[in-house]
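Me: Could you walk me through this structure? I would like to start with a pair of helices and then turn to the ligand.

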Amino acid sequence: MIDGQIKMAEQKTIRKVAIIGGGPKGIYGFERLAAWLKVCPPSEKIEIHIFNRSDSFGAGENYRTDQPSYLLMNNPVGDVNMWSEEKPLPVVQNPLSLPEWLCRFAGMNISNNDYATRAMAGRYLSHGFNEIASSLPENVEGKYIVGEVVDIYKNTGKYSLSLKAIDDKKYRHQADRYDHVLLATGHPKHSNKKQSRLFKSFADNHQKAGFIPFVYPAETVFSDVPPNCTVGIKGIGLTFVDAVLALTEGKGGRFSRDEISGRLTYIRSGDEPKVIYPFSRSGLPMIPRKSVTIKNNELKYFTRSALQKFEPGKKLNFEEQIWPLLKQDMIYAYYHIALKNSGYTEGLSGCESFEEIERYIEEFHKKNPSELRFDPNTFLDPFHASEIQKGKSHHQFIEALYSEYLQEARKGELRSPLAAVTAVWRKASSLFCELYSFGGLTPESQQSFDHLIRGKLNRVTFGPPVENAEKLYSLMESGILNFDAARNPDLVLDKESGSYILQSRPNNTGYPVHFLVDARIPKVTLADNPGPLFRNLINRGLISLYENSSGNEAYRPGAVNISRQGFVIDKNGTVNRRIAVTGTPTEGITFDNDTLSRDRNNFVDGWAEYISREYANIASMVNLPYQSSDESSMNHL
Ligand SMILES: Cc1cc2nc3c(=O)[nH]c(=O)nc-3n(C[C@H](O)[C@H](O)[C@H](O)COP(=O)(O)OP(=O)(O)OC[C@H]3O[C@@H](n4cnc5c(N)ncnc54)[C@H](O)[C@@H]3O)c2cc1C
């Protein structure tokens with residue numbers, strides 16, 4: 001053969017797979033593919049190309065290893081294991097969980113209930129990525145490409161893509177052709193919505209005003225915020241905590257603990273803002289949490305058997321069918337501990353029915369008239385009980401509430417009734433994920449859950465660790481963090497003063513802020529914030545938007561439409577097994593992708609098995625266990 005022919009022949013025999021996104025979920029896909037290719041050795045050479053916007057492979061942006069140590073993980077280290085426990089086993093020699101890795105490689109003596117820094121979790125993830133890359137099976141090669149994939153298109157029966165390299169405005173078509181593509185793109189970057197553009201243009205035209213549309217990288221985005229100014233932060237979730245710490249600790253402030261009282265005090269550096277005004281629709285901060293070891297994670301009422309009474313195959317209504325069960329679990333969780341704390345050693349464990357529990361609770365309140373009654377609705381929205389606010393400023397109300405939250409969180413869910421309630425939604429989430437996914441709720445109910453209910457449940461369940469909450473509390477006490485404008489203020493752009501004004505409705509007062517920060521993580525809503533890659537995929541008809549429909553009702557949560565195995569469904573409704581999706585872009589057709597969990601919505605195992613069988617030429621001999629009827633119309637490219 002002459003040279004050119006040799007090259008052509010070589011090219012023909014190299015099969016290629018692209019993974020778009022080198023964050024945790026992309027690496028989980030890489031790990032599964034390596035494991036499957038090891039047990040199903042390919043008959044030809046395989047290349048796996050992983051594309052990531054930065055060189056932070058494994059860690060992605062959220063767990064960058066160079067971020068400041070005040071940015072903590074939101075879940076305890078015991079929750080994190082990047083390795084699959086399913087067969088085939090990982091290709092690496094020592095697949096360690098995060099706590100095991102921290103002990104072995106960082107010399108940390110850490111318990112499963114402790115919280116690590118996000119940078120440390122990033123080191124773990126990128127170490128894991130390097131381990132996989134250096135343990136790939138024979139005939140398999142990995143290539144790791146930095147750049148943003150902005151388009152994917154069909155190219156003579158396979159797929160090619162266009163890439164925008166870092167700091168390069170142009171994008172280039174790649175010559176490679178891929179048999180399979182996994183989309184693992186995670187969270188979108190900040191949205192460029194009309195409102196954001198308005199805030200930015202106000203800042204551009206007024207010298208004193210500044211607008212920060214996205215809080216990461218937290219160590220650099222706040223560098224222009226001058227000492228002693230006022231800052232308004234939109235969104236009071238976990239990202240808000242990061243923003244506040246970046247504006248205080250990140251600007252040289254310190255937290256000092258009194259050894260006797262244990263109280264934390266903030267020591268100013270002089271470079272931090274004078275006041276930070278958080279605000280959001282609810283005006284409420286998240287409830288902090290402390291992780292404790294629990295033997296039994298089962299709920300009593302929201303259970304698989306309780307759900308059997310619902311008509312099989314019929315879509316559910318969250319508020320009418322699921323919330324009543326969760327409320328019972330919350331009431332049980334609260335009073336079980338409250339009774340134990342009051343000397344009833346068995347709590348409610350002897351009760352056989354919920355009616356009996358209600359009788360017990362009534363007796364308990366008769367004997368203990370000073371005990372506050374627990375009501376799940378008030379718990380989710382404390383403003384429900386409007387008398388709570390009488391005579392207090394909003395800030396005083398929140399400060400008192402947060403002090404109580406903190407006290408209870410420190411006790412943990414085995415000793416605090418309130419902390420026990422905060423654990424209910426976490427315990428329910430796995431079963432709820434099954435119910436919700438692939439249109440399990442009626443369209444109207446899903447819409448109401450997504451927009452009104454989910455945030456409330458997340459607020460009470462997935463809050464910051466106590467360590468960070470104590471810092472927030474000391475900033476509230478010091479007057480730097482002020483919640484007076486927090487509840488759904490109007491945001492006015494005041495040209496005269498050149499500042500943004502948070503116009504608080506309850507006390508009819510305006511709070512001027514120089515800097516406005518958007519501390520929300522944009523949702524993947526492919527309908528209005530798709531980013532270049534998904535926009536092109538939609539325009540090409542390679543993917544479609546998921547719609548939950550029933551009768552005359554329809555709701556589009558903004559997720560990419562996929563089969564139950566995670567393969568995309570194109571504009572003609574055809575399942576395409578050449579392109580799969582994992583993680584956040586599927587949020588809305590699946591549930592709860594915002595974690596490092598390996599099990600939740602695990603599409604990558606089936607994806608990797610499918611590819612490895614195809615490459616080993618055994619797909620036709622063995623029936624794939626996950627093949628389902630919705631994929632019978634497979635698109636042969
Ligand atoms: C600030 C923050 C903190 C969090 N903390 C926790 C926590 O403590 N615990 C927890 O369980 N979860 C946490 N989460 C939730 C988070 O979603 C998951 O932990 C995890 O990061 C999800 O992994 P992923 O790979 O799906 O997405 P990501 O981590 O977002 O990774 C996606 C990767 O794809 C790359 N990418 C995207 N588009 C393209 C493209 N077109 N071309 C090339 N590359 C692309 C990105 O650069 C990124 O590296 C946090 C989320 C955020 C935003």
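Me: At what angle do helix 12 and helix 13 pack?
Reply: This is a predicted model, where local features need pLDDT of at least 70, side-chain atom pairs count only at pLDDT 80 or more, and totals for chains, interfaces and linings use all residues. Residues are numbered from 1 along each chain as its sequence is written, and side-chain values use heavy atoms, leaving out hydrogens and water. Helix 12 spans residues 394-411 and helix 13 residues 417-436. With their axes 7 Å apart, they pack at an angle of about 85 degrees.

Me: How are helix 12 and helix 13 oriented to each other?
Reply: Angles of 65 to 115 degrees count as roughly perpendicular. The angle here is about 85 degrees. Helix 12 and helix 13 are therefore roughly perpendicular.

Me: Which residues in helix 13 are met by Glu404, Tyr405 and Glu408 in helix 12?
Reply: Contact means heavy atoms within 4.5 Å. On the helix 13 side, the partners of these three are Pro417, Leu418 and Ala419.

Me: How far is an oxygen atom of the ligand from an N or O atom in the side chain of Tyr63?
Reply: Tyr63 is among the residues that come nearest to the ligand. For Asn62, the side-chain N or O atom is 3.0 Å from a ligand oxygen. For Tyr63, that distance is 2.6 Å.

Me: How much of the ligand's accessible area does the protein cover?
Reply: Accessible areas come from the Shrake-Rupley method with a 1.4 Å probe. On its own, the ligand has 980 Å² of accessible area. The protein covers 95%.

Technical notes
Axes fitted to C-alpha atoms, helices over the stretch in contact; angles between N-to-C directions. Helix = DSSP H or I, 4+ residues; strand = E, 2+ residues; numbered from the N terminus. Parallel < 35°, antiparallel > 145°, perpendicular 65-115°, else oblique. Near = heavy atom within 4 Å. Polar contact = N/O pair within 3.5 Å; in protein donor to acceptor, adjacent residues only side chain to side chain.
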